[in-house]
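Work through the exercises below with the model in view. Try each task before you read its solution.

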Amino acid sequence: MIGGVDIGGTKIAVGVVDPSGCVLARDECATDAQRGFEHAMRQVTTLLHQCAERAKVKLDGIGIGCAGPLDSATGTLGNVNNLPGWKGGNPVDFVSREFGVATALENDADAAALGELRWGTGRPKMRFLYVTVGTGIGASVILNGKVYRGVDGCHPEIGHHIIDPSGPPCTCGVRGCWESLAAGPAMTEWLRKHSPATCANGNLSAREICARAQDSEEWAQRAVEREAYYLGLGLANLITLFAPEAIVLGGSVMKSAHLFLDRMREVMRQNCRLVPADRVEITLASLGADAGLIGAAQVWHDRFERHGGEVGHEYASDHRGPVSS
Ligand SMILES: [Zn+2]
């Protein structure tokens with residue numbers, strides 16, 4: 001029985017996940033990032049104790065997914081955009097001290113990808129990308145059934161590959177990243193800037209824009225068309241770079257995927273000339289509302305079960321040691 005903790009900028013979800021990937025108990029609280037790391041961690045441990053009690057289980061381990069950047073080997077958070085002041089905090093230390101069990105932390109996109117790999121759409125795939133489109137764009141690369149890591153074990157920031165250097169400023173400090181053009185807030189911002197004042201499209205969320213497009217509102221439809229174009233362009237880049245078996249799409253914006261898919265596929269076809277793009281399956285994430293929790297629990301399984309219980313050891317040499325042939 002594994003405790004799952006999914007830490008986002010707005011809310012934190014915690015729960016107990018059984019060995020078949022079912023959530024036995026869950027709860028959530030506001031992140032309240034400005035009240036600090038320790039405050040949030042105390043809430044996490046309280047809720048986790050309550051969930052374990054409700055499910056009548058003792059936790060064997062805990063997995064955590066959190067917005068990055070972070071160091072998954074040490075469990076330390078970096079300078080996370082929507083968790084100001086949390087830099088240097090270590091949720092792994094905090095939670096494992098409280099519960100006395102092995103605990104592992106991953107970037108939330110990697111956690112969700114591991115969940116899909118084990119229990120969801122990605123299950124039969126060895127090489128796939130998981131892309132989550134919401135407030136930002138996160139992505140995870142699964143190669144040969146494992147999370148791909150870069151130098152020093154870092155998580156590649158695919159949402160920040162540059163699509164248009166003359167594009168809008170991004171939260172990361174440069175211009176025209178995929179995220180700045182195609183995450184949910186980009187739809188809001190574009191519509192606010194471009195639609196006539198008479199449309200009252202001032203500050204609509206991506207979800208509201210999609211609902212209006214569904215109702216055939218012209219400017220909302222233009223925002224959706226533009227969103228589909230930039231999503232398609234970014235995905236075309238990923239297909240050219242990785243030629244994966246599949247790309248699994250998740251995140252809040254993808255709840256309206258039916259509005260984007262046809263145009264996205266067209267843009268992908270137009271822009272991928274040298275790899276068999278038609279063979280790349282584009283599928284939607286299948287774990288639903290508890291994807292974050294199930295993914296977080298899977299982080300623990302992936303870290304501590306993959307190597308036959310040799311806790312942490314092989315993981316460390318895999319991802320932190322020098323490359324040898
Ligand atoms: Zn960026």
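**Exercise 1.** Find the loop that holds P69, and describe the peptide bond from G68 to P69.

Step 1. P69 sits in the loop between β4 (61-66) and β5 (70-71). Strands here are DSSP runs of E with at least two residues, helices are runs of H or I with at least four, and both are numbered from the N terminus.
Step 2. The bond from G68 to P69 is cis, and its omega is near 5 degrees.

Two notes on reading the model. Residues are numbered from 1 along each chain as its sequence is written. The model is predicted: local features need pLDDT of at least 70, side-chain atom pairs count only at pLDDT 80 or more, and totals for chains, interfaces and linings use all residues.

**Exercise 2.** Is K56 buried or exposed? Answer the same for D152: buried or exposed?

Step 1. Locate K56 in the loop between α1 (37-55) and β4. Its phi is near 55 degrees, a positive value in a residue other than glycine.
Step 2. Count neighbours. K56 has 10 other C-beta atoms within 10 Å, so K56 is exposed. The cut-offs are 20 or more for buried, 12 or fewer for exposed, and partly exposed in between, with C-beta atoms placed from the backbone.
Step 3. Move to D152, in the loop between β10 (146-147) and α4 (178-182). Phi of D152 is positive too, near 60 degrees. D152 has 9 C-beta neighbours inside 10 Å, so D152 counts as exposed.

**Exercise 3.** At roughly what angle do the axes of α3 and α9 cross?

Step 1. Take α3 (residues 108-119) and α9 (residues 291-304); their axes come within 7 Å and cross at roughly 85 degrees. Axes are lines fitted to C-alpha atoms over the stretch in contact, and angles run from 0 to 180 degrees between N-to-C directions.
Step 2. Therefore α3 is roughly perpendicular to α9; that class covers 65 to 115 degrees, while under 35 is roughly parallel, over 145 roughly antiparallel and the rest oblique.
Step 3. List partners. Residues of α3 including L114 and W119 meet residues of α9 including I294 and V299. Contact means C-beta atoms, placed from the backbone, within 7 Å.

**Exercise 4.** Where does pLDDT stay under 50?

Step 1. Start with the chain: mean pLDDT, the predictor's confidence in each residue from 0 to 100, is 91, and 93% of residues reach 70 or more.
Step 2. The stretch is residues 308-325, with 12 contacts beyond four places in sequence.
Step 3. Where pLDDT is low, the predicted coordinates should not be read in detail.

Key. Two residues are in contact if their C-beta atoms, placed from the backbone, lie within 7 Å.
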